[in-house]
Amino acid sequence: MKSKSIGILTKPKFPEVKSTLQAVVTWLRARNIGVLLDTTSASLLSEQGGIQKTQLADTADVLLVLGGDGTMLNAARLAGERGIPILGVNMGGLGFLTEVRLEHLYPSLERVFANDYVIDERLMLKTHVHRHGETVARSVVLNDVVVSKGTLARMIELKIAIEGQFVTNLRGDGLIVSTPTGSTAYSLSAGGPIINPAVQSLILTPICPHTLTHRPLIVQGNVEIDVTLTSKDEGAMATLDGQVGVALTQGDMVVMNVSEQRTRLIRFPDSNYYDVLREKLKWGDG
């Protein structure tokens, strides 16, 4: 591990990022670890030679994320087909993905270099938006795809099919199609269940459905889910991991299935998923 290079992704809006970045870069270089900075991180340190984020993921052996879950979602998409391991350090709020606390940054890095860690593979969702038989957008996401109404108050209408079989017509504010990792994100706020990431499944969570019998639906992870916008309302969107928005028009179909890619998160043997849930959701100690 000592010969490997670490690419660092940051979220500059957090007040401690600059000082933390400077300290960790100094710490790594003192140990002869190759450090790769994206242009944002390099400019924070007033250094030359920052590279594009896509190049960072193509070159580094490990991604170190200093930020929140949004930065981790960005890192997951960047890691792409290479599937390089990601270590997330929580600089923000809730942080289900950025498991390492800031005060544990250096002990965690020491453990990584000592190979005292495990890889937690997370299912990702491959998404295509089809319009008149053509693909107008595509992406791979870690958390969720949200098909939702625009800024106007009126509801949208969606036709939902699984494996080509008609399931329902949904009227409401929209639909969240989530991975188990994304079950603790928007889907949870909309009343969806929490799914352990080890369970290979997908969750369909209606957003404020007009028909109150529409409830979250859990399906096996190897199915194709098709969501077609059937209403004429303008402003409908498909939002990918809360970061990329695709405007939808009547008849557009959002096609989703599990990707061959996996997000590979660095975890430590003495930490487990239920510890994270208990801490983040403020559950009792039992």
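Reader: Which elements do the buried residues of α4 pack against?
Author: The structure is a predicted model, in which local features need pLDDT of at least 70 and side-chain atom pairs count only at pLDDT 80 or more, while totals for chains, interfaces and linings use all residues. Residues are numbered from 1 along each chain as its sequence is written, and side-chain values use heavy atoms, with hydrogens and water left out. Helices (H or I, at least four residues) and strands (E, at least two) are DSSP runs numbered from the N terminus. The buried residues of α4 pack against β1 (5-10), α3 (53-59), β3 (62-67), β4 (86-90), β6 (118-131) and β17 (253-267).

Reader: Why is helix α4 described as largely enclosed by the rest of the structure?
Author: Buried means under 20% relative accessible area, exposed over 50%, and partly exposed in between (1.4 Å probe, protein chains only). Among the buried residues of α4 are Thr 71, Leu 73, Asn 74 and Leu 78. Helix α4 covers residues 69-79, and it is largely enclosed because the number of its eleven residues that are buried is eight.

Reader: Which residue in α4 is in contact with Asn 143, and is Asn 143 buried or exposed?
Author: Asn 143 is found in the loop between β7 (134-141) and β8 (144-148). Contact means heavy atoms within 4.5 Å; leaving aside neighbours within four places in sequence, the partners of Asn 143 include Val 177, Ser 178, Asp 241 and Leu 73, the last of these being a buried residue of α4. The residue in α4 is thus Leu 73, and Asn 143, with a relative accessible area of 9%, is buried.

Reader: Which strands stand at the edges of the open sheet that includes β8?
Author: Two strands pair if DSSP finds at least two bridges between them. Six strands form this open sheet with antiparallel pairing, in the order β13-β12-β11-β8-β15-β16. Each edge strand has a single partner, so one side of each is left without a neighbour in the sheet; the edges are β13 (217-220) and β16 (244-247).

Reader: Which residue in β11 stands opposite Val 147?
Author: Strand β11 (residues 174-178) runs antiparallel to β8, and five bridges join the two. In β11, the residue opposite Val 147 is Leu 175.

Reader: Which strand contributes the largest share of the largest nonpolar core?
Author: A nonpolar core is a set of buried Ala, Val, Leu, Ile, Met, Phe, Trp, Tyr and Cys residues joined through side-chain atoms within 4.5 Å. The largest has 29 residues, and Leu 158, Leu 175 and Leu 248 are among those that touch the most other members. Its largest share, four residues, comes from residues 156-162, strand β9.
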